Amino acid sequence: MNTESVAAAVSSTVYGYPRQGPDRELKKAIEGYWKGRVEAPALRETARELRRDILRRLSESGLSEVPTGHFSYYDHVLDTSVMVGALPERHRAAVEADALDGYFAMARGTQELAPLEMTKWFDTNYHYLVPELGPDTVFRADSGKQLAELREAQELGLTARPVLLGPVTYLLLAKAAPGVAADFEPLTLLDRLLPVYAEILADLRAAGAAWVQLDEPALVQDRGPAELNAAARAYRDLGALTDRPRLLVASYFDRLGEALPVLAKSPVEGLALDFTGPAAANLDDLAAAGGLPGKRLVAGIVDGRNVWINDHEKSLAVLGTLLGLAERVDVAASCSLLHVPLDTAAEREIDPGILRWLAFARQKTAEVVTLARGLAGGTDAIAPQLAANRAALALRTGSSLVHDPAVRARAAAVTEADGHRGLPYPERAAAQRARLGLPLLPTTTIGSFPQTTGLRTARADLRAGRIDQAGYEERIEHEIREVVSFQEEAGLDVLVHGEAERNDMVQFFAERLTGYLATRHGWVQSYGTRYVRPPILAGDISRPEAMTVRWTRFAQSLTARPVKGMLTGPVTMLAWSFVRDDQPLGDTARQVALALRDEVSDLEAAGTSVIQVDEPALRETLPLRAGAHAAYLDWATAAFRLTTGGVRPDTQIHTHMCYAEFGDILRAIDELDADVISLEAARSHMQVAGELAAAGYPREVGPGVYDIHSPRVPDQAEVTALLRTGLEAIPAERLWVNPDCGLKTRGWPETRRSLASLVAAARSLRAEL
Ligand code: GLN
Ligand code: ZN
């Protein structure tokens, strides 16, 4: 092929973009609307303006094909439910009365009506609203949103490609509606759903869309024959339609695996594949499958879910290989850019030398454009960009933030023994019993107490310079005093300091560890109008000084009862951050573990007899494909043991987990070798206690008896009943009494009353034993 014909064939695109706007304008407008301060037309206008702004930015960056339809007031899976008319029965009237209010009612619930359930979008930290389907579900096409957003791009003269969630993934993400047998399989509705997609595709075609993208990320998970068959049928049928645009089926987050030949054989005109991280295996898979003759391949080569600049030379090599495997190769980010912040230019507090090796959505778009030009025109066409890229990569590799020889030497010297407690559990338990002198069914909490507006104001005051560090610390000490004396009066056995000094359980530690970066504007959508600013784990991790000892020691000075030290574990520190991509995750986890190990040791030296290392994210970080689980759990549990393995036998190590079904990590929970684990359990009626018992779990367990997700106050009888259920599985000598999770989102009044119920229930049961 000569250069010119290649040039004509390479286009650049992305699948989606951050929705919030440079200053989170969308969040402000939506929340204003909820509060009645913003009228619906004003909200719509803000949204339209933000979409226009995205389109302009994308086209100015030189992107040849812009995505449309990916914008959302809350969530794109909910938008898909609206598009196919799959509204929960209970919300139908509200949606018919007012589409916008009905939409928000489905997302957030109302006084009377429960919202849709929310859950994690694959292994990202974005949450979607789970479609509720049943045998009676009637689908009905509503192309309105897609058509309107396509038109907006056309009005700007852009080549637009509508992006829709594909029918197979939509059904695989759904669950049985309330009142429908739990074993109902939404995938059985495929034949009913396809005609609705056909209608929408025809509408988009009529409106001038040459290509439409159907996202099928669910196909990167382990899928059985029935599911692969459904995918084959779906794309055979949609492909056979005569009145339709060309179809691009997109997958991301992992390799397509068994679904690759299925889609390759289907009559769709194009596939979009991820070539980053574990999905890089798509390259070999594609070659082995004989490529995609006659099809368009969109190569997701710029990592869409992390914040590092691309390595252009490496990417061009991959893209060059791909050229031989498809009719036409285009360049894209690996997934929607929804999962990264908007623009590094807003980060004026990060060293400019470091900023050069970070890329957010705006920078990633430019990278895609550059790579497409390089692929089309050869390296000469992008010589200045390549030189700048090489220089920025060199800055990263050579940075002293990234490479700290002392940290590396220490990590390399870790031995098997460092991860093992000196004595086996039964002997430790005896030593701890003697030291702590706790009653049967000891009571405790998970760490945080209500984060009052007073506390948040104090933090804001400190940042703004309205109070100084000493003034701030006084306010924290005051809070700790209150929390400790409340717990003493309430009669809790193992106290906590309440975590008043922590803005967030990951951010607090990230701010105190060398090797982590914080952003000022690096907002990423978690769900709806909730945005988080994940810290960036950029370099080798070390701990310049103790992080928590001051407050734990202060709390302990106020009481004779044991005060539990409270740390965030290494796996959770990684899970809720952007992690480095230049070394295996296990290596990063080990460095974080060593820093935390020093904190554990300092707490112990300060007299702390109970130390809790939270790992709420252990389960959610499980890789998408089962084949990768064992390797993940190996390094994850090793990091936890390295954090906690250095303490004396009579120091009691606790851990805590939530947000999860624990069925598939029971063995990993055992391998943590923590003396006590507290788990979320109230809503599942202590199910996890039975599961742990059945698995032969030998240590102490605190299945939560108080659901902290709602302001509802459990009474003593309710807690007692849950504890009796717990006692059927776990003997009294090993059962703890605690809430499901921390109390930071709760108010004081319900916290007081709920903990009173909890202590009363424990006491009355103790009297029976
Ligand atoms: N110790 C933390 C707290 O109580 C645990 C939070 C969590 O599990 N997410 O807030
Ligand atoms: Zn929790």
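In what kind of crossing, left-handed or right-handed, does α13 pass α15? Before answering, a word on the model: it is predicted, so local features need pLDDT of at least 70, side-chain atom pairs count only at pLDDT 80 or more, and totals for chains, interfaces and linings use all residues. Residues are numbered from 1 along each chain as its sequence is written, while chains are lettered from A and ligands numbered from 1 in the order in which they are written.

Now to the helices, which are DSSP runs (H or I, at least four residues) numbered from the N terminus. Helix α13 (residues 312–323) packs on helix α15 (residues 361–377) at about 50°, their axes 10 Å apart; axes are lines fitted to C-alpha atoms over the stretch in contact, and angles run from 0 to 180 degrees between N-to-C directions. That makes α13 oblique to α15, a word for angles that are not under 35, over 145 or from 65 to 115 degrees. And the crossing is right-handed: the near helix is turned clockwise from the far one by less than a right angle.

Which residues of α13 and α15 make the contact? They are His-312, Ser-315, Leu-316 and Leu-319 of α13, with Thr-370, Leu-371, Gly-374 and Leu-375 of α15; contact puts C-beta atoms, placed from the backbone, within 7 Å.

Let's move on to another pair. Helix α9 (residues 190–206) and helix α10 (residues 225–240) pack at about 35°, with axes 10 Å apart, and their crossing is right-handed. Among the contact residues are Leu-190 and Tyr-197 of α9, and Arg-233 and Asp-237 of α10.

Conventions: Helices (H or I, at least four residues) and strands (E, at least two) are DSSP runs, numbered from the N terminus. Two residues are in contact if their C-beta atoms, placed from the backbone, lie within 7 Å.
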